[in-house]
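Please look over the sequence and the structure shown below, and keep both in view while reading the report that follows.

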Amino acid sequence: MEEVETMDKRVMIQWAALSLTSFLAVIIIVPAILVKNVTPAPPVERQQDAAASQAVQQEGIASLVIPVYLSKNKQVESIPLEAYVRGVLAAEMPIEFELEAMKAQAMAARTYILRRIVEQDFSNMPVSNAWVTDTTAHQAYVSDDELKTRWGAAYAANSDKLDQAVNETKDLILTYQQKPIQATFFSTSNGYTENSEDYWNEYIPYLRSVPSPWDTKLSPRYKETTTVSLKELQSKLGIRTSIPVSANGSGALKVLQMTEGHRIKSMAIGGKTFTGREVREKLGLASSQFQWSWKGTNLQVTTFGYGHGVGMSQWGANGMALEGRKAEEIVKYFYTGIEISRASNLVKGKSF
């Protein structure tokens, strides 16, 4: 998802879920095999699709395979659902995190892909025969072979921890009104999470602002300072008028409104009005909560938090786990009013 933000660059999808029948149909329609190009699959591959669909019907959701576009080699590879969740967990959360935090992340990762399938939302894709990429445009994913290279001698112990987090949450997803939620997550809060409408202009009832005080003490990304030149500021924000430089940074830059999550909702810069999100994305800032001061003709910007701020804070989740909270408590804290459900119930008793 966006850097862990992963989710930040995701395209927001429509709130209404499609029918269960549509979900079952897509398992048949979208190839679940290794594909190396974007040409239509030959008949033999279509037969394999039918076999895969039959396996899902007989064995349940665990037999589902996810066509993932691997960005480095530009290929589509079919990956079993739980192996995909494992690879996302390894890519999206530090292996040093507490097991309960990793279990919370595993449930969020599984929910993300199941919701994408249920809603037949395969948007923001470079090819038509895959459901997700392995990048933060959707959810980052790393293969087991890559993990062996990355971890070296620590692979066995780390792999066992990954397996435990995935196996202990197997088949579990997060739901709201019996539908998979949009399980957005991010790295580090500024002390609070953000209401969905304050960042994406869309009200989602379970993505509410809650305090996340753990991040301020635990995360190395909580506070960062970056320098933006006056010329760069004008260029990236599209400001053609001159911006007066003052020691206290007042005048040309002014906060107009704050969000419930204590981030900048709107501000004026050089006579133009921007949302906090716009400023953050255009200037490449870590967060939409920031302070600034001028040093000569350079603007020094200090950010608080890392990521879009909507949904589950990963460092907040780890902080809760360090206090002895279980994964179920963590996800229900960051996603307001949700339930934990079994993905297998999506296909139970259905034929297709």
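## Two loop residues with positive phi

In this predicted model, lysine 74 counts as exposed because its relative accessibility is 57%, and exposed residues are those over 50%. Lysine 74 is found in the loop that lies between strand 1 (65-70) and strand 2 (75-80), and its phi is near 55°, a positive value in a residue other than glycine. Most residues other than glycine have a negative phi.

Glutamine 177 can be described in a similar way, for it lies in the loop between strand 4 (172-176) and strand 5 (179-180) and has a positive phi of about 55°, although it is not a glycine. Is glutamine 177 buried or exposed? With a relative accessibility of 60%, glutamine 177 counts as exposed.

## The chain as a whole

The protein chain contains twelve helices and 14 strands, and of its 352 residues, 55% are buried. Among the contacts in the chain with a separation of 6 or more, 70% are accounted for by residues that stand 24 or more positions apart. The chain exposes about 15400 Å², and carbon and sulfur atoms supply 50% of this area.

## Nonpolar cores

The largest nonpolar core has 66 residues, and the members that touch the most other members are Ile66, Tyr84 and Tyr335. Helix 4 (residues 99-118) provides the largest share of this core, with 13 residues. Leaving aside residues up to four places away in sequence, tyrosine 84 touches Ile66, Val68, Ile79, Ile113, Val132, Gln139 and Tyr141. Apart from the largest core lies another core, of 20 residues, which includes Ile239, Ala252, Ile264 and Phe290.

## A residue of helix 6

Lysine 161 belongs to helix 6 (residues 155-167), and it is classed as partly exposed because its relative accessible area is 23%, which falls between the limits of 20% for buried and 50% for exposed. When residues up to four places away in sequence are not counted, lysine 161 touches Ile95, Glu96, Phe97, Leu99 and Met102. One of these, leucine 99, is 62 residues apart from lysine 161 along the chain, while the C-alpha atoms of the two are separated by 7.3 Å.

## A three-stranded sheet and helix 9

Three strands form an open sheet in the order 7-12-11, with antiparallel pairing. Strand 7 (223-229) and strand 11 (290-295) are the edge strands, each of which pairs on one side only, and the twist from one strand to the next averages 20°. Strand 7 and strand 12 (residues 298-304) run antiparallel and are joined by seven bridges, and threonine 227 stands opposite glutamine 300 in strand 12.

Helix 9 (residues 230-237) packs on this sheet and touches strand 7, strand 11 and strand 12, while its direction makes about 90° with that of strand 7.

## The buried side of helix 10

Which residues of helix 10 (residues 276-283) are buried? They are Gly276, Val279, Arg280 and Leu283, and because these residues cover an arc of only 100° around the axis, they lie on the same side of helix 10. The buried residues of helix 10 pack against several elements, including helix 7 (196-200), helix 9, strand 7 and strand 11. Glycine 284 follows helix 10, and its phi is positive, near 70°.

Key: Residues are numbered from 1 along each chain as its sequence is written. This is a predicted model: local features need pLDDT of at least 70, side-chain atom pairs count only at pLDDT 80 or more; totals for chains, interfaces and linings use all residues. Side-chain values use heavy atoms; hydrogens and water are left out. Two strands pair if DSSP finds at least two bridges between them. Helices (H or I, at least four residues) and strands (E, at least two) are DSSP runs, numbered from the N terminus. Axes are lines fitted to C-alpha atoms, for helices over the stretch in contact, and angles run from 0 to 180 degrees between N-to-C directions. Contact means heavy atoms within 4.5 Å. Buried means under 20% relative accessible area, exposed over 50%, partly exposed in between (1.4 Å probe, protein chains only). A nonpolar core is a set of buried Ala, Val, Leu, Ile, Met, Phe, Trp, Tyr and Cys residues joined through side-chain atoms within 4.5 Å. Accessible areas come from the Shrake-Rupley method with a 1.4 Å probe; for residues, only the protein chains shown count as cover. The arc is that of the directions from the helix axis to the C-beta atoms.
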